[in-house]
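I opened the notebook to record a few look-ups. The entries follow in the order I made them.

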Amino acid sequence: MSPYVSLLILVYVVNISDKSFGEMFTSVMSVKQAVFAERQLIDYLRSYLENEMQRLDDIKRFFSRVTSLHSGIYHEPSATIANPIVAFKLVKRLKSEWMNVVHSNEAEENIDALREGYRRMEGSLPKLEDLQGAAQGLMRLQDVYDLRVEGLVRGHFQQITNGDPVDIYKPPVSDTLSGDDCFLVGKVAYDLEDYYHSVQWFEEAVRLFRGTEWSPENEGTLEDALDHLAFSHFKTGNISFALSVSQELLLHDPVNSRVHFNVKKYEKLLDESPPVKNQGLVLKRPDSTYLRTRNVYEKLCQTKGSQPKHFENPRLFCDFFTNGNPGLLLQPIKRELISLHPYLVLFHSFVTRAEAKSIREYAIPGLRRSVVASGVNQSTAEYRISKSAWLKESPHGVVGKVDRRITMVTGLNVQPPYAEYLQVVNYGIGGHYEPHFDHATSNSSPLYRLKTGNRVATFMIYLSSVEAGGYTAFIYANFSVPVVENSLGDWTVISGFQ
């Protein structure tokens, strides 16, 4: 192993435009760009509607003309055929005009133009993986922040506090979820055999589908939602609910032999093992197969935990810091010592808004789905939902300036091979990076192939703020740090589990 030690420098960023649409759900920037893609589709649809309305107006004029003829000069057919001109026009209209109206290609041409516009946009539109990832993002937010599904459906981000729903976040714009929206979220959970979530989302889908008419843009129906909900209840052990939902489904689809079979099976199961009265079945969230600290992690995402307070510990402080460096004498850095174990410092206003904007723009072309170490290789993972870019040209003006500033406040050489390149990260819908060690914990880690040694410290710059969430949680230290825009977080990684 190299005698060097390594430093990890990364920046956390939200709200920049991403011109790469791959894996859209992994980056808020890509989702933002999708707004512009839909605007283009709206233009195509507007053009289609205008052409179709013109076509229908022409047909209406033809209809009005022939209708008025039959109310007028054709009212007496015997008198009509006495006039050769009127008779000629009748024959001509029946042989030519009606055929042109009925066999017009204009409707096909209009829909073909709309389809061609959509085809040109298809490469920049979400894929099935994006829809599934976005749905999983909603469910992840539901779990991590303990949000009520009923509230999410109505556009509210609510937790239950003292028995009452309380808004923990009020977005600047709000929207609600339809029955079809809920059905698709439930279907993603269902396909993953995650019946804890599918039950909750299918219940909302059924509630919203009831009493409403099906729309052509919908993928699901009331019957679909009832069918999936019944089986989800069965898989969670709630046979009574599976039976009642199946019976409701038969009211809509009375000849469905499969559902009839399921009803008999559920009735037999209930006869063999009747449910205990007044004992409701509570949905139980499945245990995580890879995250033993899930409960602590999610709690810290909701609160700051037991974050040390300066007034309680005299060894924690805020000051103007120069590190004895002449470059900081005239403009010292605002330093906040947050924790001693692990050692964590926050340098406020470490970069300017202009510098943050420049770094964001510089990172755009290189943004790709973030990966994690997997043995000797690297791969994507569900526990890291983001895009990242390595800024390898450190001599780039702003990047070089930030590197030098980090050296001034820390006294550490952040140039390769002593440190890794600056990494820009943007999180997606429900984006996160579950608890992990920043340093390598296995000799097979790809980190050692760099011959730089293990990581000993992490520097993280927040290039933008977030409206809610975004905490950096330190699991074993039991505290979390909120996003502070343009600040630099510096911590030793050997002693901290992040």
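**Strand E9 and Ser379**

I began with Ser379, which I found in strand E9, residues 377–379. I kept in mind that the model is predicted. Is Ser379 buried, partly exposed or exposed? Its relative accessible area is 29%, so I wrote it down as partly exposed; the partly exposed class runs between 20% and 50%. I then looked up the separation of Ser379 from Arg369, 10 residues apart along the chain, and noted 9.4 Å between their C-alpha atoms.

**Helix H1 and a patch**

Next I looked up Met53, which has its place in helix H1, residues 28–71. Met53 counts as partly exposed because its relative accessibility is 49%. Together with Leu45 and Leu49, Met53 makes a nonpolar surface patch of about 280 Å². I added a general reminder: an α-helix has 3.6 residues a turn, so residues three or four places apart point the same way.

**Helix H5**

I then turned to helix H5, residues 128–144, which has 17 residues. How far does H5 reach from its first C-alpha to its last? I noted 24 Å, close to the 24 Å expected at 1.5 Å a residue.

I also looked for buried residues in H5 and listed some, among them Asp130, Gly133, Met139, Arg140 and Val144. What covers the buried residues of H5? The cover includes helix H6 (149–153), helix H7 (179–191), helix H8 (195–209) and helix H12 (294–302).

My last entry is for Asp146, just after H5, where phi is positive at about 55°.

Definitions and conventions
Residues numbered from 1 in each chain as written. Predicted model: local features only at pLDDT ≥ 70, side-chain atom pairs only at ≥ 80, totals over all residues. Heavy atoms only, no water. Helix = DSSP H or I, 4+ residues; strand = E, 2+ residues; numbered from the N terminus. Expected span 1.5 Å × (residues − 1). Buried < 20%, exposed > 50% of the residue type's maximum accessible area, 1.4 Å probe, protein only. Contact = heavy atoms within 4.5 Å. Patch = residues over 30% accessible without salt bridge, like charges linked within 9 Å, V, L, I, M, F, W, Y side chains within 5 Å. Areas by Shrake-Rupley, 256 points an atom, 1.4 Å probe, with all protein chains shown as cover. Salt bridge = Lys/Arg side-chain N within 4 Å of Asp/Glu carboxyl O.
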